[in-house]
Amino acid sequence: MARRRRTRRTRKNRCRFCRDKVVAVDYKDLESLQRLMSSEAALFGKKRSGNCSRHQRMVKSAVKRARYLALLPYL
Ligand SMILES: [Zn+2]
């Protein structure tokens, strides 16, 4: 049997921030930050969230900032 072709598996952009052309991730945007976190407030990895390295780094520092300002809980 012939191997099945991979058709239309790859979307244009997996990183939601790249798709929206976000230059800097806002630490006050809790809604989008919480979408990248588990219920225990642990940040999802790059693979899980689908973010690119650049935006994942921004998300990481944004979450840290939000935690420091008590906008998000620590683990
Ligand atoms: Zn990105």
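By exposed I mean a residue with 12 or fewer other C-beta atoms within 10 Å of its own; buried means 20 or more, and partly exposed is in between. I start there because those words carry most of what follows about helix α4, and the cut-offs are the ones just given. The model is a predicted one.

Overall layout, then. The chain has four helices and zero strands, and from the N terminus on the order reads α-α-α-α. Along the principal axes, the C-alpha trace spans about 55 × 25 × 20 Å. For 75 residues, a compact globule would come out with a radius of gyration near 11 Å, but this chain has 15 Å. Of the 75 residues, 15% are buried. As for contacts with a separation of 6 or more, 64% of them join residues 24 or more positions apart.

Now α4. This helix covers residues 53–68 and gives three residues to the largest nonpolar core, which is the largest share. How far apart should the ends of α4 be? With 16 residues at 1.5 Å a residue, the expected span is 22 Å, and the end C-alpha atoms are 23 Å apart, which agrees.

Which residues of α4 are buried? They are His55, Gln56, Val59, Ala62 and Val63. These five cover an arc of only 125° around the axis, so they sit on the same side of α4. The other side of the helix has Ser53, Arg54, Ser61 and Tyr68, and these are exposed. What do the buried residues pack against? Their partners are α1 (16–19), α2 (30–34) and α3 (46–49). After α4 comes Ala70, with a positive phi near 60°.

Next, the core itself. The largest nonpolar core has eight residues: Phe17, Val25, Tyr27, Leu33, Leu36, Val59, Ala62 and Val63. In soluble globular proteins, nonpolar side chains tend to be buried together. One member to look at is Phe17. Leaving out residues up to four places away in sequence, Phe17 touches Val22, Val25, Asn51 and His55. His55 is among the buried residues of α4.

That leaves the loops. Between α1 and α2 there is Lys21. Lys21 is not a glycine, yet its phi is positive, about 55°. Is Lys21 buried or exposed? Lys21 has 7 other C-beta atoms within 10 Å, so it is exposed.

The loop between α2 and α3 holds Ala41 and Leu43. Ala41 is another residue other than glycine with a positive phi, near 65°. Ala41 has 14 C-beta neighbours inside 10 Å and therefore counts as partly exposed. Leu43 has 18 other C-beta atoms within 10 Å, so Leu43 is partly exposed too.

What does Leu43 touch? Not counting residues up to four places away in sequence, its contacts are Leu36, Met37, Lys60 and Val63. Leu36 and Val63 both belong to the core. Val25 is another core residue; Leu43 and Val25 are 18 residues apart in sequence, and their C-alpha atoms are 14 Å apart in space.

To go back over α4 once: the buried residues there share one side, and Ser53, Arg54, Ser61 and Tyr68 are exposed on the other. That is what I have.

Terms used: Residues numbered from 1 in each chain as written. Predicted model: local features only at pLDDT ≥ 70, side-chain atom pairs only at ≥ 80, totals over all residues. Core = buried A, V, L, I, M, F, W, Y, C linked by C-beta atoms within 7 Å. Helix = DSSP H or I, 4+ residues; strand = E, 2+ residues; numbered from the N terminus. Contact = placed C-beta atoms within 7 Å. Expected span 1.5 Å × (residues − 1). Arc of directions from axis to C-beta. Rg over C-alpha atoms; globule rule 2.2 N^0.38 Å.
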